[in-house]
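User: I would like to go through this model with you, beginning with the ligand and its surroundings. Please give the criteria for each term as we meet it.

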Amino acid sequence: MVKNSPFYITTPIYYVNDAPHIGHAYTTLACDVLARFKRLDGFDVKFLTGTDEHGQKVEKSAQKARIDPQSFTDRVSKNFQDLTHKMNFTNNDFIRTTEERHKIACQDIWKRLISAGEIYLGSYAGWYSVRDEAFYGEAELITDKDGEKIAPTGAEVEWLEEPSYFFKLSAWQDRLLNFYKQNPEFILPLTRRNEVTSFVEGGLQDLSVSRTSFKWGVPVPGDSKHIMYVWLDALTNYITAIGYPDTVHEEYQKYWPADIHIVGKDILRFHAVYWPAFLLAAGLEPPKRIFAHGWWTNEGEKISKSLGNVIDPLELMETYGLDQIRYFLLREVPFGNDGDFSRSAVVSRINGELANDFGNLAQRVLSMINKNCNGRVPKKGDFTEEDKDFLARIDGLLSTVREALNVQAFHTALESIWTEIRNSNHYIDQQAPWTLKKENPDRMDTVLYTLAEAIRQLAMITQPFVPEAAGKMLDQVGVNETSRDFSLYGIKGRLKAGAKLPKPEGVFPRYADQLDS
Ligand code: ME8
C-alpha cells in the first residue's frame with residue numbers, strides 16, 4: 001500500500017421523515033469503524049454521510065407536521081447531524097440533498113443521460129410505494145391478510161398514472177451482468193451478489209425517473225413540470241460530495257470511484273443495479289463495492305413505530321455507554337446477517353468480554369506495574385520462548401484484522417482480537433507474576449513488560465471499535481497521541497522501559513456496578 005492512498009466510504013443518506021434509530025446508527029457505525037481503521041492504517045480517508053430530503057415521503061411527513069418541507073427537513077436533518085457527533089462518528093462531510101451543490105450535480109447527471117440518449121419521455125401507469133419510494137411491477141406485489149395488494153416489503157402501494165421520463169434500464173441487462181462477472185467483489189456478501197444477479201437475469205424494465213404529481217424535488221432541466229425521481233437524486237449525493245459535476249475537481253479525481261458504499265439489504269437493488277447503470281450510462285465509473293448488511297429486529301420483533309419498539313441509539317448510549325454499544329453492535333451479529341437486539345445480550349457482552357476479558361487484563365497488569373515497578377514501564381530481561389511466541393501472536397494480529405476488515409467482517413476482526421485478549425489472560429495466569437514478585441523480581445519485570453506491550457497493541461487495534469476506552473488504555477501505557485497509528489504496531493513501537501506511567505483506572509466497568517453507583 002502506498003502511504004496516503006485514498007479511501008472513500010459512504011453511508012446511505014437517511015430519509016428525514018423520522019428520528020434516527022438504531023438501524024441508521026448501525027450502518028454509520030460500521031462505516032466509522034472502517035474509516036478509523038483505514039486512517040490508522042495510513043489511508044487518506046473520505047467518509048461521507050448525510051440526509052435524503054426530497055421525495056413524496058418527506059413531503060407527506062412535512063404536511064403531517066404542518067410545516068413547509070424545507071423547515072421540516074432542516075429540523076430532522078439536524079437530529080441526524082447531532083447523532084453523528086454524539087456517537088463520535090468521524091465523517092468528514094455531511095451532505096443534504098437540499099443543498100445547492102447537490103441540485104447542480106443532479107441536473108448535470110440528468111443532462112449527461114439525456115445527451116447519451118438514455119432517457120426518453122413517456123408516461124407511467126403502475127404501482128408505487130411512497131414508503132419505499134419505489135415502483136413495483138404487478139408480478140412483484142403480494143396480498144396482505146385483507147386481500148389488499150402490497151409491496152414485497154410490506155409497504156402500501158398506490159396506482160399511479162402520470163407523464164414521466166424513463167431511463168432505458170432494460171438495455172443494461174447484459175452490460176450489468178458482465179460488470180458483475182468482471183468485478184466479483186462488487187457486491188458483498190456473496191449471497192447478496194447471487195440475489196442481484198438473478199434479479200438482473202430475470203430481465204429489467206425501463207425505470208421511471210421523474211414525477212409530476214408533486215413538487216418536492218430537483219426540477220428536471222428543461223422541463224420544470226417534472227421533478228427527478230428521488231432515487232436518482234439521492235444516489236447522486238455520492239459524487240456531489242466530491243465536487244461533481246467538476247470531474248477534474250481534486251477530490252473527484254482522488255476519491256472516485258468510491259471504495260465502498262455500505263448500505264442495508266433493503267436498498268441493495270438501488271445501489272447495485274440502478275446506480276452502476278446510471279453512472280455507466282452517464283459515462284462515469286461505478287463504485288468499487290456495495291456491501292449490504294442485514295436487518296436488526298428488537299427482541300424478536302420487526303422494529304417499527306407502530307409497534308412502539310423503535311430503539312433510540314442515544315438512550316442506549318446513556319444506559320450502557322457509547323463504546324459498549326459500538327462494540328456490541330459489531331460483535332453480536334456477523335456483518336451481513338440479520339440480528340436480534342436484546343438488552344440481556346448487551347449486558348452479557350459488556351460484562352463478559354469488555355469488563356472481564358479486556359478490562360480486567362489491563363487492570364491486573366497495570367496495577368501490578370503501578371505497585372511493583374515504581375509506576376514505570378518495567379525493564380525487560382531476556383525473553384523466553386513463551387514470551388516470544390506470545391508477542392509474535394499479538395504482532396501478527398494487525399494483518400489478521402486488516403484482512404477481515406478488507407471484506408467488512410467486523411465480527412471476525414473482533415473475534416480474532418478477543419482470542420488474543422483471552423490468550424493474554426491465559427499467559428498472565430500461567431506466568432503468575434504475583435508469585436514471581438518474591439521469587440524472581442527480574443522475571444516478573446519481563447513478564448509485566450511483555451503484558452504491557454500486549455496491552456499497547458490490543459488497545460491500538462481496538463481504537464476503531466472502542467475509541468474512547470482504547471484511548472484511555474493507551475494513555476495508561478504511556479503511548480502519546482501521535483504514536484497511535486498502525487505504522488507503530490508490532491515491534492516498531494515497542495514500549496520503552498522506564499517510561500513513567502499514569503495511575504491506572506478501569507476503563508470497562510461492569511454493567512451492574514454502573515447501576516449500583
Ligand atoms: O433508504 N436494521 O433511507 P432510510 C439495520 N434515503 N439497518 C437499518 C434498519 C434496521 N432495522 N433500519 C434502517 C433510505 N436501517 C434512502 C437511502 S441512499 C442514496 C438513500 C439502515 O432512512 C440501513 O442502512 O430508509 C438501511 O439501508 C437504511 O437505514 C435506510 O435508511
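User: How far does a polar side-chain atom of His-24 lie from an oxygen atom of the ligand?

Analyst: This is a predicted model, in which local features need pLDDT of at least 70 and side-chain atom pairs count only at pLDDT 80 or more, while totals for chains, interfaces and linings use all residues. Residues are numbered from 1 along each chain as its sequence is written, and side-chain values use heavy atoms, with hydrogens and water left out. A polar contact is a pair of N or O atoms within 3.5 Å. The polar side-chain atom of His-24 lies from an oxygen atom of the ligand at 3.5 Å.

User: What share of the ligand's area does the protein bury?

Analyst: Beside the contact of His-24, a backbone N or O atom of Gly-264 lies 3.0 Å from an oxygen atom of the ligand, and a polar backbone atom of Ile-13 is 2.8 Å from a nitrogen atom of the ligand. Taken alone, the ligand exposes 680 Å² (Shrake-Rupley method, 1.4 Å probe), and the share of this that the protein buries is 94%.

User: Which element supplies the largest share of the shell around the ligand?

Analyst: The ligand is surrounded by 22 residues (each with a heavy atom within 4 Å of it). Helices (DSSP H or I, at least four residues) and strands (E, at least two) are numbered from the N terminus, and at least two shell residues each come from strand S1 (6–15), helix H1 (22–40), helix H7 (230–235) and helix H8 (237–240). The largest share, four residues, comes from S1.

User: Which parts does the aromatic pair of Trp-256 and Trp-275 tie together?

Analyst: Rings of Phe, Tyr and Trp (its six-membered ring) pair if their centres lie within 6.5 Å, and planes under 30 degrees apart count as stacked, over 60 as edge-to-face and the rest as tilted; the count by this rule is 35 aromatic pairs. Trp-256 and Trp-275 are edge-to-face, 6.3 Å centre to centre with 70 degrees between the planes. The pair ties together parts 19 residues apart in sequence, because Trp-256 lies in the loop between helix H9 (250–255) and strand S14 (260–264), and Trp-275 in helix H10 (residues 268–281).

User: Is Trp-275 buried or exposed?

Analyst: Buried means under 20% relative accessible area, exposed over 50%, and partly exposed in between (1.4 Å probe, protein chains only). Its partner Trp-256 has a relative accessible area of 7% and is buried. With a value of 0%, Trp-275 is buried.

Key
Polar contact = N/O pair within 3.5 Å; in protein donor to acceptor, adjacent residues only side chain to side chain.
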